[in-house]
Amino acid sequence: MRQAHYTFLRNLVANRSPVLRSAIALEMAQAEDLGRLRGRAVYYEAADFAKAEIKLRNGGYAIAAPKAGQSRSSARDAASEKAFAAPVTEGLVAVVAIDLPDIVCPQGSFLVMPWSSALALPYEVLMVCENLEPMQRIHRYDWLKPFIKRRRTLILFRGAPSWFRIDSAARIVTNDSRPVLGLFDFDPQGLLMAAGLPRREALCLPPWKVLEPLVVERKRYDLYADQRRGCQALLDACVEPDIAVAWTHMRRLTRGLNQEAFPECGEA
């Protein structure tokens, strides 16, 4: 999608318009199945606004357009260098490097660098991780080994709206050509974000015999119930085998699990 499409999505989410008749609304309805066409008009309901939010997140965009910022070094007069400034992490990404030559990343830590520098690293597979804390614990997840397959791996924090921004991380994903692994929360939105990754090789989850008892024990019904309505239609239509299997388990269990609760265990 072009920048104009993401601008349209942001406006749709912000305004919650029940019906639109613009050319771009018609285009998005036909190309992205967003809204329902009736003649030259497009009608929207709650599920469409949720779908628009997911498309923004998968594209690396914040739901609300960021305010224009400036570097702190450009602050003038007696004004605080922090006033109206862009975050100091603008353009930076947080990563963990596994088995990359000449790069040391102690366990529990992560590296910060411009997204273009991260893209230039000699990794073989990119793993996008939804949350920062699990990324710091990535060395403890022995169950990831069958997904990594002894390859040089770069773990990328997918970012947050105001720090290590989502769009900076998304630039790596969209400008790269190497395979991608998805490590997300076990909830409907996590499955959709994984499904939306280009060149996705796998959804990374612990083995079911380990994951399922944890899901039952933690009783995170909220993760499933709060997201199901907005995500169900897209997940029901997903034909990717790993996403479909995970969605089947999730519907049966009627609950999810946050990444921070994933087990630190082996494959067995």
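Colleague: R137 has 14% relative accessibility; why is it called buried?

Modeller: Buried means under 20% relative accessible area, exposed means over 50%, and partly exposed is in between (1.4 Å probe, protein chains only). R137 comes in at 14%, so it counts as buried. Before we go on: this is a predicted model, where local features need pLDDT of at least 70, side-chain atom pairs count only at pLDDT 80 or more, and totals for chains, interfaces and linings use all residues. Residues are numbered from 1 along each chain as its sequence is written, and side-chain values use heavy atoms, with hydrogens and water left out.

Colleague: What makes the contact between R137 and E133 a salt bridge?

Modeller: The term asks for a side-chain nitrogen of Lys or Arg within 4 Å of a carboxyl oxygen of Asp or Glu. Here the closest N and O atoms are 3.5 Å apart, so the pair qualifies. E133 has a relative accessible area of 41%, so that partner is partly exposed.

Colleague: And how do you know that R220 and D222 form one?

Modeller: Their side chains meet at 2.8 Å, N to O, and that satisfies the cut-off. R220 is partly exposed at 25%, and D222 is partly exposed too, at 33%.

Colleague: Which parts does the salt bridge between R251 and D236 tie together?

Modeller: The closest N and O atoms of that pair are 3.5 Å apart. R251 lies in helix α11 (residues 241-253) and D236 in helix α10 (residues 221-237), so the bridge ties together parts that are 15 residues apart in sequence. R251 is partly exposed at 36%, as is D236 at 42%. There's a network as well: salt bridges that share partners join E133, R137, R140 and E264. The structure holds 17 salt bridges.

Colleague: What makes 3-15 a helix, and how does its reach compare with the expected one?

Modeller: Helices (H or I, at least four residues) and strands (E, at least two) are DSSP runs, numbered from the N terminus. Helix α1 has 13 residues. Its expected span is 1.5 Å times one less than its number of residues, which gives 18 Å, and the helix reaches 18 Å from its first C-alpha to its last, close to that value. Its buried residues include F8, L9 and L12. Among what covers the buried residues of α1 are α2 (23-32) and α3 (46-58). Just after α1, R16 takes a positive phi of about 50 degrees.

Colleague: How do you know that β8 and β9 pair?

Modeller: Two strands pair if DSSP finds at least two bridges between them. Strand β8 (residues 180-183) and β9 have three, in the parallel sense, and one bridge has V180 with R200 as its partner in β9. Both strands belong to an open sheet of six, in the order β5-β4-β7-β6-β8-β9, with mixed pairing. β5 (111-114) and β9 (200-203) are called edge strands, as each pairs on one side only.

Colleague: Is Q259 buried or exposed?

Modeller: Buried, at 0% relative accessibility. Q259 is found in the segment after α11.

Colleague: What does the side chain of Q259 reach?

Modeller: The backbone oxygen of L183, at 2.8 Å. A polar contact is a pair of N or O atoms within 3.5 Å; within protein, one must be able to donate a hydrogen and the other to accept it, and residues adjacent in sequence count only if both atoms are side-chain atoms. By contact, meaning heavy atoms within 4.5 Å, Q259 touches residues including C129, Y141 and F184, not counting residues up to four places away in sequence.
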